[in-house]
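Walk through this fold one element at a time. Start with the strands, then turn to the loops, the helices and the chain as a whole.

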Amino acid sequence: MAGTSTIGFLEQYDAADDQTKVGLALKWIRTDWRPFFKELRESRPILRTPNFTFVTRFADVTEVLSREKVFTVLPYQPRMDPVVGPFMLARDATPINWREKGIMQAVLQPEDLPQVRQMAGRLADEALDAAAAAGRIEAIGSLCRFVPIRIVGEYFGFPGPDLTSMYRWSKTTQTNMFKNLLNDPAIHEAAVQTGREMHEYLTGLLAEKRAELAGRNGGAPQDVFSRLLRTEFPAEIGFDDERLLSNIMGLLVGTGETSSQAIAQSLEQILLRPDLHERAVDAAGADDPAAFDEYVWEGLRLNPINPLIFRLSVEDYTVAAGTERETLIPAGTLVFACTSSAGFDTDVLEDPETFTTGRPAYLSLHFGYGHHTCLGRYVASVLVPEVVRRVLLRPNVHLLPAPEGKIDFQGGPFPERFWFGFGREPAVVPGGEG
Ligand code: HEM
């Protein structure tokens with residue numbers, strides 16, 4: 001049911017004129033995505049609006065994201081190319097995507113993960129120690145953004161001139177690439193300006209690193225940037241300095257806001273449920289963190305960082321062919337693959353409204369699906385849970401009363417403020433679900 005009224009979303013939607021329909025749907029994604037998508041999954045799983053088409057069932061979301069030659073990432077190009085240059089995420093089934101994703105996968109080697117996890121833990125502890133005397137922390141700036149951005153510095157080898165610039169670079173680029181559906185020129189220009197600043201900074205850093213590598217006797221640095229510089233590609237591979245810099249910029253864009261939001265939202269979901277919080281603390285203390293990590297990803301399923309992934313279709317295509325819901329999606333349609341909705345689909349998940357650990361990992365779409373599945377998924381898979389784990393290992397971690405104890409987006413696309421208390425006994429213990 002829409003909001004507090006007794007009228008269903010679809011009833012309101014059907015009664016509206018075309019322009020109002022689009023506005024209503026966009027509003028419901030922001031304010032009521034869970035009940036809105038539930039109604040769509042049950043009554044109209046593929047909803048064609050005048051401006052875009054929603055796909056809400058797990059099978060159809062994964063179908064769309066697996067057909068990269070039909071449902072393309074073309075809408076990313078005007079938002080990414082002027083900022084970081086041609087990039088894998090804005091190219092489907094092209095040499096750039098094939099080659100550069102392969103190169104980047106090789107230098108982000110799985111053998112690094114235990115060390116990345118340790119790094120995330122050390123940085124999280126540093127942030128928590130600094131706030132321990134106060135018994136509370138503003139988590140977004142001091143922890144959720146802090147740890148991923150420092151990992152971009154230490155592990156990827158892109159420290160930036162200072163944290164403030166890195167936060168701004170990360171946010172302006174993410175905002176333009178993924179949150180600027182209405183093409184606001186001010187948002188676009190801020191990202192293009194960031195692209196110039198990053199390029200200038202990284203060109204200097206590249207020269208420094210190259211000089212340092214030339215003067216070294218063994219003991220090569222293991223950050224990702226240095227690894228790329230130590231690798232020689234023949235000219236026909238086409239991975240020159242410009243391509244290298246584009247990919248280093250992509251590491252910051254990919255890591256910063258996504259990881260920050262994932263840390264904040266999964267932590268909040270755990271803290272909102274006192275019994276679960278207790279079980280998560282027990283799991284946090286175990287030698288093997290695998291059981292603990294499930295709390296984090298399940299928390300994020302209940303409040304994912306993105307409601308959907310968008311694509312532009314370039315051929316007529318029938319989604320869910322042969323089923324009752326089969327729908328022809330004509331070329332030129334903006335398609336919303338609603339990954340958040342897929343995470344609640346009773347066709348594949350039992351009792352999706354409950355917080356249940358132990359669900360099969362293949363049902364998780366946090367890192368996308370198919371051709372553009374996240375390059376950083378394994379890094380994020382240790383980084384995000386380790387930060388949450390270090391928080392829960394502190395005594396008396398508790399939500400503070402609203403408004404400061406609720407994640408505050410300050411009207412923008414990303415979490416900006418979120419306070420929690422730890423160390424001391426809480427004065428007030430809020431309960432209930434968010
Ligand atoms: C919790 C943290 C993260 C989340 C939730 C996340 C989510 C995603 C999603 C959903 C996609 C697919 C986008 C699409 O299909 O349109 C994606 C792609 C991508 N992500 Fe992440 N990401 C995270 C962390 C990272 C990190 C740490 C990196 C850096 C290594 C990164 C780099 C990328 C890149 C380069 C792509 C494009 C891959 C391609 O086009 O083939 N992400 N990410």
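Strand 5 and strand 8 run antiparallel, joined by four bridges. Strand 8 covers residues 334–337. One facing pair fixes the register: isoleucine 309 stands opposite alanine 337 in strand 8. The model is a predicted one.

Strand 5 has another partner. Strand 3, residues 71–72, pairs with strand 5 over two bridges. The sense is antiparallel here too. Phenylalanine 71 faces serine 313 of strand 5 in this pairing.

How many of the five residues of strand 5 are buried? Four of the five are. Strand 5 spans residues 309–313, and with that count of buried residues it is largely enclosed by the rest of the structure. The cut-off behind the word is a relative accessible area under 20%.

Now move to a second group of strands. Three strands make an open sheet, ordered 4-10-9, with antiparallel pairing. Strand 4 (136–138) and strand 9 (398–399) are its edges, since each pairs on one side only. Strand 10 takes the middle place in that order. Two bridges connect strand 9 with strand 10, residues 419–421, in the antiparallel sense. Histidine 398 is set opposite glycine 421 of strand 10.

The loop between strand 9 and strand 10 is worth a stop. Proline 403 lies in it. The peptide bond leading from alanine 402 into proline 403 is cis, with omega near 5°.

Two alanines have backbone angles to check. Alanine 93 has phi near 45°, a positive value in a residue other than glycine. Alanine 93 sits in the loop between helix 5 (77–84) and helix 6 (95–107). Alanine 320 also has a positive phi, about 60°, although it is not a glycine. Its place is the loop between strand 6 (317–319) and strand 7 (327–329).

Are these alanines buried or partly exposed? Alanine 93 has a relative accessible area of 39%, so it is partly exposed. Alanine 320 is at 5% relative accessibility, so it counts as buried.

Next, the helices. Helix 7 covers residues 113–132, and leucine 123 is found there. Leucine 123 is buried, with a relative accessible area of 0%. What does leucine 123 touch, beyond residues up to four places away in sequence? The list is Phe146, Val147, Arg150, Ile151 and Glu154. For a sense of distance, take leucine 123 and glutamate 236. They are 113 residues apart in sequence, and their C-alpha atoms are 40 Å apart in space.

Alanine 132 also lies in helix 7. At 35% relative accessibility, alanine 132 is partly exposed. Its C-alpha atom is separated by 48 Å from that of glutamate 68, while the two residues are 64 apart along the chain.

Helix 13, residues 241–271, holds threonine 255. Threonine 255 has a relative accessibility of 9%, so it counts as buried. Neighbours within four places in sequence aside, threonine 255 is in contact with Pro148, Val152, Phe156 and Leu383.

Step back to the whole chain. The protein chain has 17 helices and ten strands. Why call it as compact as a globular protein of its length? The radius of gyration is 22 Å, close to the 22 Å that the globule rule gives for 434 residues, so the description holds. Along the principal axes, the C-alpha atoms fill a box of roughly 70 × 60 × 40 Å.

Burial and contacts add to this. Buried residues make up 53% of the 434 residues. Consider contacts between residues at least 6 apart in sequence: 71% of them join residues at least 24 apart.

Finish with the surface and the charges. The protein chain exposes about 19100 Å², and carbon and sulfur atoms supply 54% of that area. Its side chains include 43 positive and 58 negative ones. The centres of the two sets lie 1 Å apart.

Notes
Residues numbered from 1 in each chain as written. Predicted model: local features only at pLDDT ≥ 70, side-chain atom pairs only at ≥ 80, totals over all residues. Heavy atoms only, no water. Rg over C-alpha atoms; globule rule 2.2 N^0.38 Å. Buried < 20%, exposed > 50% of the residue type's maximum accessible area, 1.4 Å probe, protein only. Contact = heavy atoms within 4.5 Å. Areas by Shrake-Rupley, 256 points an atom, 1.4 Å probe, with all protein chains shown as cover. Lys, Arg positive; Asp, Glu negative; His and termini not counted. Charge placed at Lys NZ, Arg CZ, Asp CG, Glu CD. Pairing = 2+ DSSP bridges.
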